[in-house]
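Colleague: I should like to understand how the descriptive terms applied to a protein model are justified. May I put some questions to you about this one?

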Amino acid sequence: MTVGEGYDVTDAGQERLRRWRLVLGGGPADGTGCALSGRDAAMDGALAALYGKGDKPPAGRTGRDRSAGLGGSAPSVARWLGDIRTYFPSSVVQVMQRDAIDRLGLATLLLEPEMLEAVEADVHLVGTLLSLNKAMPETTRETARAVVRKVVEDLEKRLATRTRATLTGALDRSARVSRPRHHDIDWNRTIAANLKNYLPEYRTVVPERLIGYGRASQSVKKEVVLCVDQSGSMAASVVYASVFGAVLASMRSVSTRLVVFDTAVVDLTDQLDDPVDVLFGTQLGGGTDINRALAYCQSRITRPAETVVVLISDLYEGGIRDEMLKRVAAMKAPGVQFVTLLALSDEGAPAYDREHAAALAALGAPAFACTPDLFPEVMAAAIEKRPLPIPDAV
C-alpha cells in the first residue's frame, strides 16, 4: 500500500490508538498503551463515570482508568451533566442522560430543581418526569413544568404548521360538492374531469361539471378520537399524542377528543388547549384495559361516518381480548375509520402483542408504528378514507 505524500503514518497510528483508548476505557487489558490528557482525559472521565466498571479511582486520576460512577450526590451529578454537555453533541448527551437514569438509578435526583435545570431536555426526559409526577415535591413541580413546556413548544414548532396544512387540505377534499361557489372550485380536478371537452381551436376546456369542496372552516367536518395507552413503555407516544391533540383541537373544522388509559380511563379533552396540562394529567405505568378505553370512546361517537378513532397502544391487553376485537368491528361497521398505532415516536415499533395486531389487521385496522413526521399523512388518509401510508417495516 502506497502512502500519499504528506500523510504521516505515525500521526495516523497515534490517532487510531487514541480512538481505541477512548472506546476501551483504559486499564492493563486495553493493549493500547496510550495515555490521555487535557480534553481527552476529561471526556474519558465523563464516560468512565457512566460506563466504567466501578473500581475506585486513584487520587489525582487523570482519566486513564475508567471507574467511579456518579454516586448519589446531586452536586457531583450536576457537574457531570455540565461536563457531558461541554464535550459531546446534544444527541449524544440525551443518550448518556437516558443511560444514566437507567443504569445508575438517577431518576429520583430529577426531583431536585437544580438537577432539572442542568439536564438536556428531550422527549425521553419528559417521559421520566411524568412517571415521577406523583412523587414530585412542590419545590420541583414548577421547574419540571418549565422543562416539559420547553420540549412541548419545540415539538409544536416542528409539527404544527405541516399538520394543519396537511389536514386542512384533506378536510377540504373530503367535503367536495358538485355545485361549488367560484372561489370553492377545485380547478385541478375540474379540468381533469372535463378533458374530454377540450376545444383545440380555442385551446380551452369547457367545464360541464364543476368539482369543488365545502368550506371546512364553517362547521365541524370530522371528529377525531385519540385513545392513548399510558403504560410505562408508551411514554414518548403519550408526549407526541398530547402535542398532536392540541394541534388538532386548534382546528375549528375538527372536533378532537383525547382519552388516556391504563386499567382506568381518563378523558383529558377539556385540557387540550395546553398540552403541558394534558401531560401532567397522565399517570404513566400500571396495567392496560384497551377494551374499557374503546368502550368509553365508542360511547362518545355521534357521527360514525365522519369519525376517526386512533388507538395508540402496544396492544398488550389486560382486559377482555375478544370483547376488544368485537368493539373495533362494531365501530367500523357504521363507518368509523379506525387506525392502530403501535407507537407514535421516532424509535420504531416497540415490543407488541403480535396476535392482537394480526387480529386487528384482519378487521381492516392494520397496526404499525408511526413517526411524528408521518402522522399528518396518516390522519389525512384516514379523513379521506383512502389507504393508510403504512411504512414498509412493520
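Modeller: Let us begin with a definition: a disulfide is a pair of cysteine sulfur atoms within 2.5 Å. Please keep in mind that this is a predicted model.

Colleague: Why are Cys 227 and Cys 297 not called a disulfide?

Modeller: The sulfur of Cys 227 has its closest cysteine sulfur in Cys 297, at 3.7 Å. The cut-off is 2.5 Å, so the pair is too far apart for a bond. The structure accordingly holds 0 disulfides.

Colleague: What makes Cys 227 buried or exposed?

Modeller: Buried means under 20% relative accessible area. Cys 227 has 0% relative accessibility and therefore counts as buried. Cys 297 is buried as well, because its relative accessible area is 0%.

Colleague: How do you know whether His 356 is buried or exposed?

Modeller: His 356, found in helix α13, has a relative accessibility of 5%. The limit for a buried residue is 20%, so His 356 counts as buried. Leaving out residues up to four places away in sequence, His 356 touches Leu 315, Glu 317, Arg 321 and Met 324.

Colleague: Which residues of helix α13 are buried, and what places them on one side or on opposite sides?

Modeller: In α13, which spans residues 354–362, the buried residues are His 356, Ala 357, Ala 359 and Leu 360. They lie on the same side of α13 because they cover an arc of only 165° around the axis. An α-helix has 3.6 residues a turn, so residues three or four places apart point the same way. The face turned away from the buried side of α13 carries the exposed residues Arg 354, Glu 355 and Ala 362. The buried residues of α13 pack against α12 (321–332), β9 (337–344) and β10 (367–370).

Colleague: Why is Asp 353 said to cap the N-terminal end of α13?

Modeller: A side-chain oxygen of Asp 353 lies 3.1 Å from the backbone nitrogen of Glu 355. A polar contact requires N or O atoms within 3.5 Å, and Asp 353 caps the N-terminal end of α13 through this pair. Just after α13, Gly 364 takes a positive phi of about 90°.

Colleague: Why is the phi of Arg 203 worth a remark?

Modeller: Most residues other than glycine have a negative phi. Arg 203 is not a glycine, yet its phi is positive, about 50°. Arg 203 is placed in the loop between β2 (198–199) and β3 (204–205). Its relative accessibility is 71%, and the cut-off for exposed is over 50%, so Arg 203 counts as exposed.

Colleague: What makes Lys 385 buried, partly exposed or exposed?

Modeller: Lys 385 has 42% relative accessibility. Partly exposed covers the range between 20% and 50%, so Lys 385 counts as partly exposed. Lys 385 is found in the segment after α14 (375–384), and its phi is also positive, near 60°.

Colleague: How do you know where the predictor's confidence is lowest and where it is highest?

Modeller: The mean pLDDT is lowest in strand β1 (residues 176–177), at 54, and highest in strand β8 (residues 307–312), at 97. For the protein, the mean is 81, and 83% of its residues reach 70 or more. Over residues 1–9, pLDDT stays under 50, and the model has 2 contacts beyond four places in sequence for them.

Key: Residues numbered from 1 in each chain as written. Predicted model: local features only at pLDDT ≥ 70, side-chain atom pairs only at ≥ 80, totals over all residues. Heavy atoms only, no water. Helix = DSSP H or I, 4+ residues; strand = E, 2+ residues; numbered from the N terminus. Buried < 20%, exposed > 50% of the residue type's maximum accessible area, 1.4 Å probe, protein only. Arc of directions from axis to C-beta. Contact = heavy atoms within 4.5 Å. Polar contact = N/O pair within 3.5 Å; in protein donor to acceptor, adjacent residues only side chain to side chain. pLDDT = per-residue confidence, 0-100.
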